[in-house]
Amino acid sequence: MSHYQGPLLTRPLAEALLAARNDGAQTCMSSFDLGRSSGEARLHADAWEWRNARYPWPEKLRDRTIYYWDGDAFEPVSRYSGALIKLVPTEWGAPTFEIDGIKMLPTAKTSPVEDARRKVALVQPQGKQVLDTCGGLGYFAACCLEAGAARIRSFEKNADVLWLRTLNPWSPDPDASGGRLQLAHGDVSEAIAGIASASVDALLHDPPRFGIAGELYSQVFYDQLARVLRKGGRMFHYTGSPNTLTSGRDVPREVARRLEKAGLKAELALDGVFAIRR
């Protein structure tokens with residue numbers, strides 16, 4: 001699917017455009033791609049223009065919602081097919097996404113892209129073959145491309161998340177990567193059996209929480225990760241920091257023990273586990 005090239009609106013942006021029009025301005029400089037760039041909109045009584053296209057003034061927009069132009073109207077970047085999946089704006093520009101109201105990326109203290117950049121740095125991707133197990137919005141892959149990875153093989157199970165990526169200007173476009181990013185719609189817990197042993201130099205594993213995707217925390221799956229990772233290969237596994245008092249579990253330490261059993265040397269790092277293949 002090709003990436004969307006039209007404007008993205010949030011409630012604050014729409015209000016700023018309307019305020020400029022009401023103040024008599026004929027133009028307004030702002031960002032229409034969630035902070036990736038800035039551009040000029042021309043303001044008219046009944047419409048506004050951007051990049052030589054004309055758009056009607058939107059109806060009242062909701063907070064914490066991003067809107068795209070579907071050809072007829074501005075619609076929320078969200079889908080429902082068993083669960084509500086929604087792209088959500090942040091103060092950092094780069095959005096996060098939610099599944100049934102559960103935020104899938106940390107954004108409280110930093111940009112989700114900067115958060116991904118710190119984690120990617122642990123696996124030192126420059127010149128390497130990287131496996132990105134649960135692609136999400138693609139921020140791990142984007143940071144690997146930025147850091148000079150030779151190739152990133154990325155999997156994403158949820159078709160609606162892949163759709164979000166086509167509307168998110170911060171998500172990397174595989175078609176624009178020169179073949180370095182290979183994104184597949186698939187379940188990595190099944191697809192990993194087809195990946196050759198010791199063919200991966202670096203590995204990034206950012207699964208949904210344990211209660212949703214327990215198979216991605218299993219010893220069987222970790223044994224497969226160890227199999228495809230070459231000796232000396234580096235891995236970061238995001239776990240988050242679940243409350244051990246309420247959950248009764250210490251997920252990061254459980255993960256570290258299973259990775260050790262699979263043949264990796266593991267230690268807690270950032271909000272997850274860093275490991276090296278023995």
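In strand E4, the residue that bridges to Arg-42 is Glu-49. This pair offers a friendly way into the structure, which is a predicted model: local features need pLDDT of at least 70, side-chain atom pairs count only at pLDDT 80 or more, and totals for chains, interfaces and linings use all residues. Residues are numbered from 1 along each chain as its sequence is written, and side-chain values use heavy atoms, with hydrogens and water left out.

The Arg-42 and Glu-49 pair belongs with strands E3 (residues 39–43) and E4 (residues 47–50), which run antiparallel and are joined by two bridges. Helices (H or I, at least four residues) and strands (E, at least two) are DSSP runs, numbered from the N terminus, and two strands count as paired if DSSP finds at least two bridges between them. In general, strands of a sheet pair through backbone hydrogen bonds, either parallel or antiparallel.

Strands E3 and E4 sit within an open sheet of four strands, ordered E2-E3-E4-E5, in which the pairing is antiparallel. Its edges are strand E2 (27–30) and strand E5 (53–56), each pairing on one side only. On average, and with direction ignored, neighbouring strands of this sheet are turned by 30° against each other. Helix H1 (residues 11–22) packs on the sheet, touching E2, E3 and E4, and its direction makes about 50° with that of E3. Contact here means heavy atoms within 4.5 Å; axes are lines fitted to C-alpha atoms, for helices over the stretch in contact, and angles run from 0 to 180 degrees between N-to-C directions.

A second open sheet has seven strands in the order E14-E13-E12-E15-E16-E18-E17, and its pairing is mixed. Strand E14 (181–185) and strand E17 (264–269) form the edges, each with pairing on one side only. Here the average turn between neighbouring strands is 15°, direction ignored. Within this sheet, strand E16 (residues 229–238) pairs with strand E18 (residues 272–277) in the antiparallel sense over five bridges, and Tyr-238 stands opposite Gly-272 in E18. Helix H8 (residues 251–262) packs on the sheet and touches E16, E17 and E18; its direction makes about 165° with that of E17.

Turning to the cysteines, a disulfide is a pair of cysteine sulfur atoms within 2.5 Å, and the count by this rule is zero. For Cys-144, the closest cysteine sulfur is that of Cys-143, at 7.3 Å, which is too far for a bond. Cys-144 is buried (under 20% relative accessible area, with exposed over 50% and partly exposed in between; 1.4 Å probe, protein chains only), its relative accessible area being 0%. Cys-28 is also buried, with a relative accessible area of 12%.
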